[in-house]
Amino acid sequence: MPRRNPLWLRLPGSSSPSSSSTTEELRLAALSPYNNPNDETSSIPDSLEHSPAKTSDDGSEISRNNFNSPTSSPSRSPNKKVSWSLFDQVSLSGEEFLLPRRFEAIELIPGTSTRTTCASCSATDLLESEHVTIRKISLQDPATARKEYRNIILCRLLPHPNILPISEAYEVDTTLYTVSEQMDGRLSDIVEERLTHFVVAKITHQVLAAVAMMHQNGIAHGDLTLNTIYVNTDAELRLSSYGKSDDSSEHLEARFRDDLLSIGAIVSRFLMNEEEMFKFSKSRNPKDIDWRIVLEGSSDSGLLDFNARSLLFQLLEGRQTARDLLHHPYFKSFRAPQHQTVERKHTVVGQKTSDEVLDKLREELQRFNPFNMSEIML
């Protein structure tokens, strides 16, 4: 039996409903941080008490406390030390996280460690019964602080369904925490899959839609790769952020073309496997590939679809805009979206000093939390 890529499998659900005692434990764990769980007068938030149960594909109810293990208890993990009623201190594989009590940490995401300035963990939102990803980033590096501020403010000014939003954000001791939707994987996880042209077109259309909105607002992404684009099992796609390009208006058209070239490289990897793609060049550098040979659409290249060859050629040529390419015949099954625009002066953060960026970042964090985290001492 061929091995299926786990990315395309749905998360398993619980086959048996949770008991009344289990439900009561979960309700107490998800109480508002301003309530005392030991107080008999504490109330349960309406959003939790009346929220509908999640169901799996076969109709069975999914446990609210843990989607991956139907038999696990919603009680708090043994590695979680309760520090106060508002936040809990959690240790995951030696990495410390400070999390609001509504989130139950699951595990440290592979690829992050104590030796890096950024670490991520998967968690469960007990109020929404959803999986989330929580990142913590050190703000001691001015370039990192500028990038994170840029991403947070653009998430607010220019929200887009194909760019990963930030649902919660707070700062603790020069460390920024952000909470976002948990995705099933990255494009790099499915690059070896033999996808149909419909799926490739759906993926490409979503990337172009997000990039077209950014370009329309004078913003270049500058970091479009297989590893910076997330995807779900239903091929719903999110860019990991608004990119890392600076906000200078110099050479903006050239940077827009670089974004389209990056999208073209991604599309070519889905239409051809790696061996077929790189046999056209002695070097394993995509920039050295003779694209004229690739675009001939030979039986070896996998580019037999005329519209696929046409779209790839226009992406690599760079003469049309991302917005124009959304109307390409390859996307005949999809509708080109309308894009929101704001004045460019509101999206430019590159001229601010490091101290100004930190001050502005903390102002943005006040939109998520009314309390001052700098006053909370461990």
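## Helix α8

The buried residues of α8 are A308, S310, L311, L312, Q314, L315 and L316. This is a predicted model. An α-helix has 3.6 residues a turn, so residues three or four places apart point the same way.

Helix α8 covers residues 306–317, twelve in number. At 1.5 Å a residue, α8 should span 16 Å; the end C-alpha atoms are 16 Å apart, which agrees. G318 follows α8 and has a positive phi, near 75°.

## Helix α4

Of the 20 residues of α4, 16 are buried, so α4 is largely enclosed by the rest of the structure. The expected span of α4 is 28 Å at 1.5 Å a residue. The end C-alpha atoms lie 27 Å apart, which agrees. G218 comes just after α4 and takes a positive phi of about 70°.

## Aromatic contacts

There are three aromatic pairs in the structure. In one of them, the rings of Y170 and Y177 have centres 4.9 Å apart and planes at 5°, so this pair is stacked. Y170 is buried, with a relative accessible area of 3%. Y177 is also buried, at 5% relative accessibility. Another pair joins F198 and F334: the ring centres are 5.4 Å apart and the planes stand at 35°, so this pair is tilted. F198 belongs to helix α4 (residues 197–216), while F334 sits in the loop between α9 (322–325) and α10 (354–365). The pair therefore ties together parts that are 136 residues apart in sequence. F198 is partly exposed, at 48% relative accessibility. F334 is partly exposed too, at 22%.

A charge also meets a ring. The charged end of K136 sits over the ring of F97, 5.3 Å from the ring centre.

## Strands β4, β5 and β6

Strand β5 is mostly covered, with seven of its eight residues buried. β4 and β5 run antiparallel and are joined by five bridges. F103 has D125 in β5 as its bridge partner.

β5 and β6 also run antiparallel, joined by eight bridges. Here S120 stands opposite R135 in β6. The two strands form a hairpin with four residues between them. In the turn, S129 has a positive phi of about 55°.

## The β9-β10-β11 sheet

Three strands make an open sheet in the order β9-β10-β11, with antiparallel pairing. β9 (185–186) and β11 (237–239) stand at the edges, each with a single partner strand, so one side of each has no neighbour in the sheet. β10 (residues 229–231) pairs with β11 in the antiparallel sense over three bridges. V231 has L237 in β11 as its bridge partner.

## The largest pocket

The largest pocket has a volume of about 1,200 Å³. Its lining counts 37 residues. Nearest the centre lie I109, S120, T133, R186 and Y230.

Several elements each supply at least two lining residues: β4 (103–108), β5 (118–125), β6 (130–138), α3 (142–157), β8 (175–181) and β9. The largest share, four residues, comes from α3. S120 thus links two parts of this account: S120 lies among the residues nearest the pocket centre, and S120 stands opposite R135 in β6.

Conventions: Residues are numbered from 1 along each chain as its sequence is written. This is a predicted model: local features need pLDDT of at least 70, side-chain atom pairs count only at pLDDT 80 or more; totals for chains, interfaces and linings use all residues. Side-chain values use heavy atoms; hydrogens and water are left out. Rings of Phe, Tyr and Trp (its six-membered ring) pair if their centres lie within 6.5 Å; planes under 30 degrees apart count as stacked, over 60 as edge-to-face and the rest as tilted. Buried means under 20% relative accessible area, exposed over 50%, partly exposed in between (1.4 Å probe, protein chains only). A charge sits over a ring if NZ of Lys or CZ of Arg is within 6 Å of the ring centre and within 35 degrees of the ring normal. The expected span of a helix is 1.5 Å times one less than its number of residues. Two strands pair if DSSP finds at least two bridges between them. On a 1 Å grid over the protein atoms alone, a cavity is a set of points where a 1.4 Å probe fits but cannot get out, and a pocket is an open set with protein on both sides within 12 Å along at least five of seven lines; lining residues have an atom within 4 Å of a point. Grid points are joined across faces, edges and corners, and a volume is the space filled by probe spheres set on the points.
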